[in-house]
Amino acid sequence: MKETDKQPALQQRVALVTGASQGIGLATAVALAQAGASVAFNYRERPHEATAAVAEIERGGGRALLVQADVADPEAVERMVEQTVAAFGR
């Protein structure tokens, strides 16, 4: 197999990254998307940085979703996972 024939390492994978609106969470979500994963970006209060990253990933042909949830709230976490599954199929 030629180098150009290889699929991205995480193609067909889904990642849900909490705290993805800034810092390490944002960098992790972007790296996962660049490796081929469909990525749900979770934020609690500040979606601005994550919104820009989601748009950039989508412009490059990747799949990304922005999901608001407070991970300290179990019901919000359930909704976050349900939204991710609805968007990406798993």
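## Exercises on a predicted protein chain

Leaving aside neighbours within four places in sequence, Ala 29 is in contact with Val 17, Ala 20, Val 39 and Phe 41. The exercises below start from this residue, and they concern a predicted model.

### Exercise 1. The cores

Determine which members of the largest nonpolar core touch the most other members, and which elements supply two or more of its residues.

Solution. Begin with the membership: the largest nonpolar core has 14 residues, and those touching the most other members are Val 17, Ala 20, Ala 29, Val 39, Phe 41, Ile 57 and Ala 64. Next, assign the core to elements, which shows that strand E1 (14-17), helix H1 (23-34), strand E2 (38-43) and helix H2 (48-59) each give two or more residues. The largest share, four residues, comes from H2. Finally, a second and separate core has six residues, including Ala 40, Val 67, Ala 76 and Phe 88.

### Exercise 2. Overall fold and dimensions

State in what pattern helices and strands follow each other along the protein chain, and explain why the chain counts as being as compact as a globular protein of its length.

Solution. First count the elements, of which there are three helices and three strands; read along the sequence, they follow the pattern β-α-β-α-β-α. The radius of gyration is 13 Å, close to the 12 Å that the globule rule gives for 90 residues, so the chain is as compact as a globular protein of that length. Along the principal axes, the C-alpha atoms fill a box of roughly 45 × 25 × 20 Å. As for the contacts between residues at least 6 apart in sequence, 53% of them join residues at least 24 apart.

### Exercise 3. Surface and charge

Work out what share of the residues counts as buried, what part of the exposed area carbon and sulfur atoms supply, and how far apart the mean positions of the positive and negative charges are.

Solution. Of the 90 residues, 30% count as buried. The protein chain exposes about 5800 Å², with carbon and sulfur atoms supplying 51% of that area. For the charges, take the 9 positive and the 11 negative ones as two groups, whose mean positions turn out to be 8 Å apart.

### Exercise 4. Thr 84 and Ala 69

Decide whether Thr 84 is buried or exposed, do likewise for Ala 69, and list the contacts of each residue beyond four places in sequence.

Solution. Thr 84 lies in helix H3 (residues 74-88), and its relative accessible area of 4% is under the 20% limit, so Thr 84 is buried. Apart from neighbours within four places, Thr 84 is in contact with Val 14, Leu 16, Ala 40, Leu 65, Val 67, Gly 89 and Arg 90; of these, Ala 40 and Val 67 are among the residues of the second core.

Ala 69 has its place in the loop between strand E3 (64-68) and H3, and with a relative accessible area of 2% Ala 69 is also buried. With neighbours within four places again left out, the contacts of Ala 69 are Asn 42, Tyr 43, Arg 44, Ala 76 and Met 80. The C-alpha atoms of Ala 69 and Arg 13, which are 56 residues apart along the chain, are separated by 22 Å.

### Exercise 5. Val 77 and Ala 27

Establish what exposure class Val 77 belongs to, and how far its C-alpha atom is from those of Asn 42 and Ala 27.

Solution. Val 77 is found in helix H3 and has a relative accessible area of 26%, which makes Val 77 partly exposed. Beyond four places in sequence, Val 77 is in contact with Asp 70 and Val 71. Val 77 and Asn 42 are 35 residues apart in sequence and 9.8 Å apart in space, C-alpha to C-alpha. The C-alpha atoms of Val 77 and Ala 27, 50 residues apart along the chain, are separated by 21 Å. Ala 27 itself lies in helix H1 and counts as partly exposed at 48% relative accessibility.

### Exercise 6. A backbone angle

Find what sign phi has at Gln 12, and where Gln 12 is found.

Solution. Most residues other than glycine have a negative phi. Gln 12, although not a glycine, has a positive phi of about 75°. Gln 12 is found in the segment before E1, and at 55% relative accessibility Gln 12 counts as exposed.

Definitions and conventions: Residues numbered from 1 in each chain as written. Predicted model: local features only at pLDDT ≥ 70, side-chain atom pairs only at ≥ 80, totals over all residues. Heavy atoms only, no water. Rg over C-alpha atoms; globule rule 2.2 N^0.38 Å. Buried < 20%, exposed > 50% of the residue type's maximum accessible area, 1.4 Å probe, protein only. Contact = heavy atoms within 4.5 Å. Areas by Shrake-Rupley, 256 points an atom, 1.4 Å probe, with all protein chains shown as cover. Lys, Arg positive; Asp, Glu negative; His and termini not counted. Charge placed at Lys NZ, Arg CZ, Asp CG, Glu CD. Core = buried A, V, L, I, M, F, W, Y, C linked by side-chain atoms within 4.5 Å.
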